[in-house]
Amino acid sequence: MRGEENKPPVIAIDGPSASGKGTVAQRVACELGFHCMDSGSLYRLVALAAQKRGVALDDEAELAKLAQHLPVQFQGGEILMDGIRVTDEIRSETCAANASKVAAFLKVRLALLKTQRAFRKPPGLVAEGRDMSSTVFPDAKLKVFLTASTEARAERRYKQLMEKGMYASISTLLQEIKERDARDIERPVAPLRQDAGASLLDTTALSIEEAVAEVIARYRALVS
Ligand code: C5P
């Protein structure tokens, strides 16, 4: 693409839920001094805004309007909606399931494109989600498809929730992850899949530190 070389570099990390891509993305961004964007939080915010405003989760036109004018502010690590802190609320499994429903609508996805691309600022961006490589940043410098076995992902999510003092059962989490994967993989619009230009990183047997080091090594190999 013409002029792309002047844009801040992007590292795109896509993958299924609970694959660890959020944590890996944050740490890679921190080590490189890059900005970080968790695109899933935007879909979660649309779902939460819909719930709070009584918009049905199958009303594509109204959901797209909400997505276009999300009353959201990102302040450091905190997310505010209508001025109220929703950082933890959007992390619930209900919000995750609702996010994957609203994310299936093309109009919602298009409405969020500009917001996502606005995160691309110097010196660079680590963007994580499902379609960072294929749609939002097709010119990303590095594209990684980060995954792990379903069991490993359920276990990680379980530990995360427990650390936050939120109750969870492994078998329920496993079921929810499978259902969300199926919805994300089978949807006709922007289905979850490894982009042709992305390299696979299976973290089932890797620690977070190892996964972070691997992404950074792949990036450095491209820019040096
Ligand atoms: O990544 P996270 O689990 O927070 O995403 C919540 C949901 O939002 C996913 O299950 C997926 O359906 C949707 N999503 C998406 N495209 C993205 C990021 C998230 O469709 N880039």
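User: What's the distance from an oxygen atom of the ligand to the side chain of Asp-184?
Analyst: In this predicted model, a ligand oxygen sits 2.7 Å from an N or O atom in the Asp-184 side chain.

User: And how much of the ligand does the protein bury?
Analyst: The protein buries 98% of the 450 Å² that the ligand exposes when taken alone.

User: Ok, which residues come nearest to the ligand?
Analyst: There are 17 residues around the ligand, and the nearest are Arg-44, Arg-109, Arg-180, Asp-184 and Arg-187.

User: How far is Arg-109 from a ligand oxygen, then?
Analyst: Arg-109 has a polar side-chain atom 2.8 Å from an oxygen atom of the ligand. For Arg-180, a polar side-chain atom also lies 2.8 Å from a ligand oxygen.

User: How do the shell residues divide into nonpolar, polar and charged?
Analyst: Around the ligand, 9 shell residues are charged, 4 are polar and 4 are nonpolar.

User: Which helices supply at least two of them each?
Analyst: That would be α2 (39–53), α4 (93–102) and α8 (170–186). The largest share comes from α2, with 4 residues.

User: Switching topic: in what order do the strands of the sheet come?
Analyst: The order is β3-β4-β5, an open sheet of 3 strands with antiparallel pairing. At the edges are β3 (72–75) and β5 (84–85), each paired on one side only.

User: How many bridges join β3 to β4?
Analyst: 4 bridges do, and the two strands run antiparallel, with β4 covering residues 78–81. In one of the pairs, Val-72 is partnered with Met-81 of β4.

User: Where does α2 lie relative to those strands?
Analyst: Helix α2 lies across β3 and β4, at about 30° to β4.

Definitions and conventions: Residues numbered from 1 in each chain as written. Predicted model: local features only at pLDDT ≥ 70, side-chain atom pairs only at ≥ 80, totals over all residues. Heavy atoms only, no water. Near = heavy atom within 4 Å. Polar contact = N/O pair within 3.5 Å; in protein donor to acceptor, adjacent residues only side chain to side chain. Areas by Shrake-Rupley, 256 points an atom, 1.4 Å probe, with all protein chains shown as cover. Nonpolar A, V, L, I, M, F, W, Y, C, P; charged D, E, K, R; others polar. Pairing = 2+ DSSP bridges. Contact = heavy atoms within 4.5 Å. Axes fitted to C-alpha atoms, helices over the stretch in contact; angles between N-to-C directions.
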